[in-house]
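Thanks for making time. I will go through one structure this morning, strands first and then the way its parts meet. Please have it open in front of you.

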Amino acid sequence: MNEQHKKRISKYLSLVLRHKPEVIGLNLDENGWADVEELQEKCAKQNRAFTLEELDEVVETNDKKRFILNEDKTRIRANQGHSIDIDLALKPQQPPEFLYHGTAETNLASIFEKGIEKRNRQHVHLSQDKETATKVGMRHGKPVILTIETGKMHEDGIVFYLSENKVWLTDFVDAEYISK
C-alpha cells in the first residue's frame with residue numbers, strides 16, 4: 001500500500017475513532033472500541049473502503065501508534081487524543097521525574113500564564129523524549145520544548161496515566177511545573 005493511501009486511512013480513522021464517530025454513524029463502546037466489520041462497512045459507504053490487511057498495516061506502521069486492534073482483530077480503538085468522552089480504562093501511573101511538552105512559540109505567553117490546558121481533548125499529552133515533543137510542536141508552528149516537573153506534580157497529588165502507545169496523560173499542568 002502506498003504512503004498516501006495509508007495516510008488517508010489513518011486521518012479518517014483519527015476522525016471517526018477520536019473525534020466524530022457520528023460522521024459515519026459508528027458505534028463506539030464506553031472504552032472507545034469499534035467493531036472492525038462495522039467500521040469497514042460504514043467507511044466503504046463514504047468511499048473510504050479498506051481491507052483488513054490495509055487496516056492492520058495502518059495500525060502496525062503508524063509512527064505515533066495512534067490505534068490498537070484487539071488480539072483477534074475484530075475491534076479497534078484510538079489509544080488517546082479523544083475529544084469525545086471515552087473511558088480508556090487507564091490506571092494511574094507514577095511518571096518519570098521530567099516529561100516534555102511540544103508547543104508553538106506563539107503559545108508560550110498563555111502557557112506561562114494559565115498552564116497547559118487539555119482544551120477540547122480528554123487529557124494534556126506529554127512526551128518521554130524531546131524528539132517526540134519537537135515533532136508535536138512543529139505541527140503548530142515554530143516548536144518550543146517545555147520541560148515539565150512531573151515527579152513534583154505526582155508528589156503534589158496530580159494523577160498521571162500512560163496510554164498504550166506510551167503517551168503520558170494528565171488533566172492539567174500548572175505553570176509552576178513548567179520550564180523552557
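Start at the hairpin of E2 and E3, where Lys73 has a positive phi near 60 degrees. Five residues lie between the two strands of that hairpin. Before going further, I should say that this is a predicted model.

E2 covers residues 67-69, and its pairing with E3 is antiparallel, over three bridges. If you want one pair to find on screen, take Leu69, whose bridge partner in E3 is Ile76.

E3 has another partner as well. Which strand is joined to E3 by two bridges? That is strand E1, residues 34-35, and E1 and E3 run antiparallel. E3 itself spans residues 75-78. The pair to look for here is Asp35 with Arg75, the latter being the bridge partner in E3. As a general reminder, strands of a sheet pair through backbone hydrogen bonds, either parallel or antiparallel.

Now move along the chain to the other set of strands. In what order do the three strands of the open sheet come? The order is E6-E9-E8, with antiparallel pairing. E6, at 124-126, and E8, at 161-162, are the edge strands, and each of them pairs on one side only. Between E6 and E9, the latter being residues 168-170, there are three bridges, in the antiparallel sense. Within that pairing, Val124 stands opposite Thr170 of E9.

Next, the domains. The domain assignment of the protein gives two: domain 1 runs over 3-78 and domain 2 over 99-179. Their contact takes seven residues from domain 1 and four residues from domain 2. The C-alpha centres of the two domains are 27 Å apart.

What is the area buried between domain 1 and domain 2? It is about 430 Å², and carbon and sulfur atoms give 41% of that. On the side of domain 1 that touches domain 2, the residues divide into five charged, one polar and one nonpolar.

With five charged residues on that side, you may want the salt bridge count. How many salt bridges are there between domain 1 and domain 2? The count is zero. For polar contact, the count between the domains is two residue pairs, both at pLDDT 80 or more.

To recap the domain contact: about 430 Å² is buried, two residue pairs are in polar contact, and the salt bridge count is zero. I will stop there and take comments.

Note on methods
Residues are numbered from 1 along each chain as its sequence is written. This is a predicted model: local features need pLDDT of at least 70, side-chain atom pairs count only at pLDDT 80 or more; totals for chains, interfaces and linings use all residues. Side-chain values use heavy atoms; hydrogens and water are left out. Domain bounds come from an automatic or database domain assignment. Contact means heavy atoms within 4.5 Å. Buried area is the accessible area (1.4 Å probe) that two parts lose on being put together, summed over both. A salt bridge is a side-chain nitrogen of Lys or Arg within 4 Å of a carboxyl oxygen of Asp or Glu. A polar contact is a pair of N or O atoms within 3.5 Å; within protein, one must be able to donate a hydrogen and the other to accept it, and residues adjacent in sequence count only if both atoms are side-chain atoms. Ala, Val, Leu, Ile, Met, Phe, Trp, Tyr, Cys and Pro count as nonpolar, Asp, Glu, Lys and Arg as charged, and the others, Gly among them, as polar. Two strands pair if DSSP finds at least two bridges between them. Helices (H or I, at least four residues) and strands (E, at least two) are DSSP runs, numbered from the N terminus.
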